[in-house]
Amino acid sequence: MSSTAETAPQENQPGGTLETLMGPMVPVMQQLTRLVVLLFMVTTLLFFMLRLAGDPALVLAGNDATPEQLEAIRAQYGLDKPLFIQYLNYMGNLLQGDFGKSLASGEPAMGKVLTMLPATLLIAGLAMAFSIIVAIPLGAWLGFKPERGDRRGVSGIIFVFQGVPGFVTALIFIQIFAVNLRWLPSLGMEWGTIMYWAITESLSIPIPVPSKTWVLPAASLAWFLLPSLTRVVAANTAEAMREDYIRTARAGGAPASTLLWRHALPNALLGAAALIGTQFAFLMGGAVITETIFAWPGIGWLLIESTQTLDFPVVQSLALCIATLVFTVNALTDLSFQFLDPRLRTKGN
Amino acid sequence: MVKPVVRVDDLRLEFLGQTGAFEALKGISLEIGEGEIVGVVGESGSGKSVTAMNLLQLLPRTKINVPTGTISVLDHDVRAMNEKQLQHIRGGEVSMIFQEPMTALNPVLRVKDQIDDVILRHKDVTPQEAEEMSLKLLADTKITDPRRVYESFPHELSGGMRQRAMIAMAFSCSPKLIVADEPTTALDVTVQAQILSLLKERAQKTGTSVLLITHDLAVVAQICDRVYVMYKGEFVEEGTTKDVIGNPQHVYTRALLNSLPEGKQPKSRLATVAAAMLEGGADNVIDEPIEQVTRVARTGDTILQIQGAVVRYPKEYNLFGRPITFHTAVDNVTLEIEEGETLALVGESGCGKTSLANAVVGLNKLADGAILFRGKNVLDHDPETRREIQIVFQDPQSSLDPRWPVWKIMTEPLTVGQSPSKAELRVKAASLCEMVGLEPSQIDRLPHEFSGGQRQRIAVGRALSVRPKLLVLDEPTSALDVSVQAQILNLLLDLQDQYGLTYLFISHDVAVVRHIADKVAVMYQSKVVEAGESEQVLTAPNHDYTRTLMNAVPSLKRAFAA
């Protein structure tokens with residue numbers, strides 16, 4: 001099985017050049033390079049766009065400030081300098097890890113964002129987990145025999161759900177579960193509690209108890225991902241079921257359940273994994289809406305709040321934070337492909 | 001008479017569609033004896049795959065209607081069995097081998113899992129025992145390192161290895177019958193030869209009956225005891241392979257044999273099935289050589305010079321996206337083509353012949369060397385030179401824009417740098433249609449309304465629209481049925497004759513090359529290993545690889561000599 005056609009002039013010898021040693025790190029380095037470029041572009045774009053939106057000095061000084069007070073504030077914050085110089089100063093500070101101070105409260109802007117991040121990660125994580133747990137079996141069931149009447153009915157319902165805007169769903173949830181049934185709170189956030197299960201006198205196991213306040217925001221946010229994910233899993237499963245290897249498995253006597261779970265679904269999930277990555281940005285958009293409706297103190301809520309008050313440093317920090325998050329999730333999805341798809345795993349040899 | 005393993009009686013089968021039923025099988029009867037290798041030969045759409053799939057009831061039962069017929073497989077009335085009972089037989093007593101081993105094996109499961117699954121399903125063994133059995137089966141298919149193949153994913157194996165794994169899987173539960181549906185069609189000839197003899201050897205050793213479905217009479221001749229010839233849902237002829245091929249009775253069988261280039265006078269017109277069926281006799285078809293006009297048209301002037309051409313593709317990239325390692329697809333190839341002649345480039349998949357063809361038409365850059373058309377470098381993108389060289393691709397299914405009408409497809413090259421009126425283009429398209437043997441009235445139709453052969457005529461017409469001197473034909477008949485291949489070969493010879501065209505003909509089919517080419521260049525692992533007059537290269541090859549290739553080609557003549 002030797003093939004001289006594979007011999008290239010600059011073929012690497014194992015254990016030879018620097019590039020061979022760097023080999024496994026190259027994808028990671030490439031991703032990091034891309035992240036830096038992305039963050040640079042997001043920051044630059046946002047800096048100039050926000051300056052178009054309003055004058056930060058006016059925000060700082062308040063409505064009844066005199067021209068002299070405005071001048072003083074401009075001088076204090078460096079706002080009297082040309083825009084490009086301001087930009088260079090800002091970038092210089094960023095490189096030193098200084099993200100500026102919140103104009104509203106004077107706290108460090110990034111610190112403010114980071115304290116609110118866990119609340120968003122909580123509902124985003126719950127929403128994603130819920131979507132994945134529901135979408136995979138549901139999509140597989142739908143895609144296995146898509147022509148059946150019952151599947152068509154369910155597909156139709158999901159299609160309609162996909163068309164309902166997220167805020168409408170959230171309001172309907174509030175109406176049903178908070179107002180009518182009074183099962184769940186309609187707003188606010190608690191971190192849940194930890195109960196201790198005493199096994200003996202001296203030994204007790206901590207059990208985290210989720211708070212009821214998580215349910216509605218997480219469910220509303222899941223609505224942004226669940227229908228599209230289900231539809232993709234269903235479509236991919238249906239497609240996989242038409243592949244030649246399904247015919248081979250059938251000819252080998254495989255029962256229907258094996259065809260679906262062992263042969264079709266793993267192939268179908270490859271496409272679905274890609275969707276989760278790209279939809280995460282969409283989920284962040286959903287978080288803005290959901291957190292505003294449920295008064296959930298996460299970064300989505302903070303984004304609305306700080307944009308309304310033109311709290312530029314906070315908005316900038318938020319943008320950096322969200323861009324990094326979206327990027328990381330996408331990079332992780334890329335990475336997960338290597339586990340899901342053996343064709344990508346063994347590229348090297 | 002040995003007891004038949006399969007007995008099919010007067011089977012009719014219709015596919016139920018939205019527009020009505022389509023009758024795929026029109027009352028076929030088939031018998032396969034114990035240990036017998038039986039071929040079903042026919043062209044695409046003849047119903048041969050339907051026959052195979054239906055033995056194991058693999059067609060969706062809700063989408064077909066079977067008005068009459070019985071199918072008995074190993075004394076089971078399979079039509080009366082439910083899915084659960086069928087699952088017991090499938091892969092156990094009866095197994096199948098499919099055409100394309102790349103798509104027929106699950107890409108995300110190791111060979112190990114795919115074979116073990118079948119064994120564990122049908123036999124009462126532990127996973128360890130199943131593993132031992134699988135390794136033994138793989139070793140039986142003459143794989144030298146069964147352990148590696150066993151642990152591999154399908155994409156890590158070559159086409160031949162995958163098909164061996166498939167054969168191992170098919171033999172895993174000692175079946176009484178194996179149904180092989182075009183098992184070697186997707187493989188290179190040298191691999192095909194190995195797989196066919198392997199299949200035959202394994203079947204004989206285990207006493208398994210084989211039903212072999214193929215479009216290739218030469219494959220049938222090589223391994224089948226008996227053969228059924230299928231045409232439009234019917235068996236038109238059956239008998240021992242020797243009788244059917246040596247002394248065909250039915251018009252269709254004769255036409256099919258006559259449409260094969262093997263054994264025919266080079267550059268003669270080949271018989272075509274349509275003509276034979278129309279005239280009611282294969283004896284009527286024209287079989288005289290064209291006068292050697294094309295020979296005379298060889299002016300001796302060099303039209304194309306390929307000088308030390310090297311084509312490389314990037315393989316791995318560094319941090320900045322710059323390629324650091326390369327795959328050399330064409331390695332220092334030097335060739336010359338004279339005006340009016342046909343140079344055939346022969347070789348197996350991956351040998352670099354298509355990369356070279358693309359370089360000739362300027363679609364690939366050269367890493368080194370030069371390609372000169374009448375002394376001008378083709379990569380200079382001089383419009384005049386570019387017009388003189390045109391290309392026809394392998395698969396007319398994908399090389400024509402499905403949403404463009406024929407007139408627009410055919411005249412597209414004329415709109416490069418010019419803007420003729422629509423009326424002019426339509427007139428031009430109509431005359432091109434006539435040139436390539438299509439109805440000029442069909443110029444408003446879309447590609448899907450044509451058959452494969454007609455689509456390839458459209459592609460030839462498109463290439464001819466700018467009156468080129470050199471036509472690069474990249475496997476122009478490989479995606480076509482043999483009888484359609486004959487039509488296209490006839491057309492190409494006629495066109496060369498009429499317009500003094502020069503052909504660079506890429507093919508893996510030695511019989512076709514022998515028929516059409518003046519000169520042959522054999523490519524192997526990116527290099528040209530042998531080149532010369534076709535007569536000389538193909539009858540007295542010098543290079544080892546050429547000899548291997550020649551011996552591997554399935555041949556009717558050789559099958560009977562043996």
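## A four-stranded sheet in chain B and two domains in chain A

In chain B of this predicted model, strands β15(B) and β16 (residues 376-377) pair in the antiparallel sense over two bridges. The two strands form a hairpin with two residues between them, and B:Arg374, which sits in the turn, has a positive phi of about 50°. Within this pairing, B:Phe373 stands opposite B:Lys376 in β16(B).

The hairpin belongs to a wider arrangement, an open sheet of four strands of chain B in the order β13-β12-β15-β16, with antiparallel pairing. Its edge strands are β13 (323-338) and β16 of chain B, each of which pairs on one side only. Strands of a sheet pair through backbone hydrogen bonds, in either a parallel or an antiparallel sense. The pairings that build this sheet are set out below, each with one pair of residues that stand opposite each other.

| Strand pair (chain B) | Sense | Bridges | Residues standing opposite |
|---|---|---|---|
| β12(B) and β13(B) | antiparallel | eleven bridges | B:Tyr317 and B:Pro323 |
| β12(B) and β15(B) | antiparallel | five bridges | B:Val310 and B:Asp368 |
| β15(B) and β16(B) | antiparallel | two bridges | B:Phe373 and B:Lys376 |

Strand β12(B) covers residues 302-317 and β15(B) covers residues 368-373, so that B:Asp368 in β15(B), the partner of B:Val310, lies in the strand that also enters the hairpin with β16(B). 

How confident is the predictor in chain B? The mean pLDDT of chain B is 87, and 94% of its residues reach 70 or more. Among the elements of chain B, strand β3 (residues 37-41) has the highest mean pLDDT, at 95, whereas helix α13 (residues 293-297) has the lowest, at 48. Over residues 281-296 of chain B the pLDDT is below 50, although this stretch has 31 contacts in the model beyond near neighbours in sequence. Where pLDDT is low, the predicted coordinates should not be read in detail. For the model as a whole, the scores are ipTM 0.79 and pTM 0.80.

Chain A is described here by its overall form and by its domains. It has 15 helices and two strands. Chain A is more spread out than a compact globule, because its radius of gyration is 26 Å, well over the 20 Å that the globule rule gives for 349 residues. Taken along the principal axes, the C-alpha atoms of chain A fill a box of roughly 85 × 70 × 55 Å. Of the 349 residues of chain A, 30% count as buried. Among contacts in chain A between residues at least 6 apart in sequence, 70% join residues at least 24 apart.

The domain assignment of chain A gives domain 1 (38-98) and domain 2, the latter made up of 111-187 + 213-345. The C-alpha centres of domain 1 and domain 2 of chain A lie 37 Å apart, and ten residues of domain 1 are in contact with ten residues of domain 2. Which elements give two or more residues to the side of domain 1 of chain A that touches domain 2 of chain A? They are α2 (26-53) and α3 (56-61) of chain A, and α2(A) gives the most, with seven residues. By class, this side of domain 1 of chain A has eight nonpolar, two polar and no charged residues.

Notes: Residues numbered from 1 in each chain as written. Chains lettered and ligands numbered in written order. Predicted model: local features only at pLDDT ≥ 70, side-chain atom pairs only at ≥ 80, totals over all residues. Domains from an automatic or database assignment. Contact = placed C-beta atoms within 7 Å. Nonpolar A, V, L, I, M, F, W, Y, C, P; charged D, E, K, R; others polar. Rg over C-alpha atoms; globule rule 2.2 N^0.38 Å. Buried ≥ 20, exposed ≤ 12 C-beta atoms within 10 Å, placed from the backbone. Pairing = 2+ DSSP bridges. pLDDT = per-residue confidence, 0-100.
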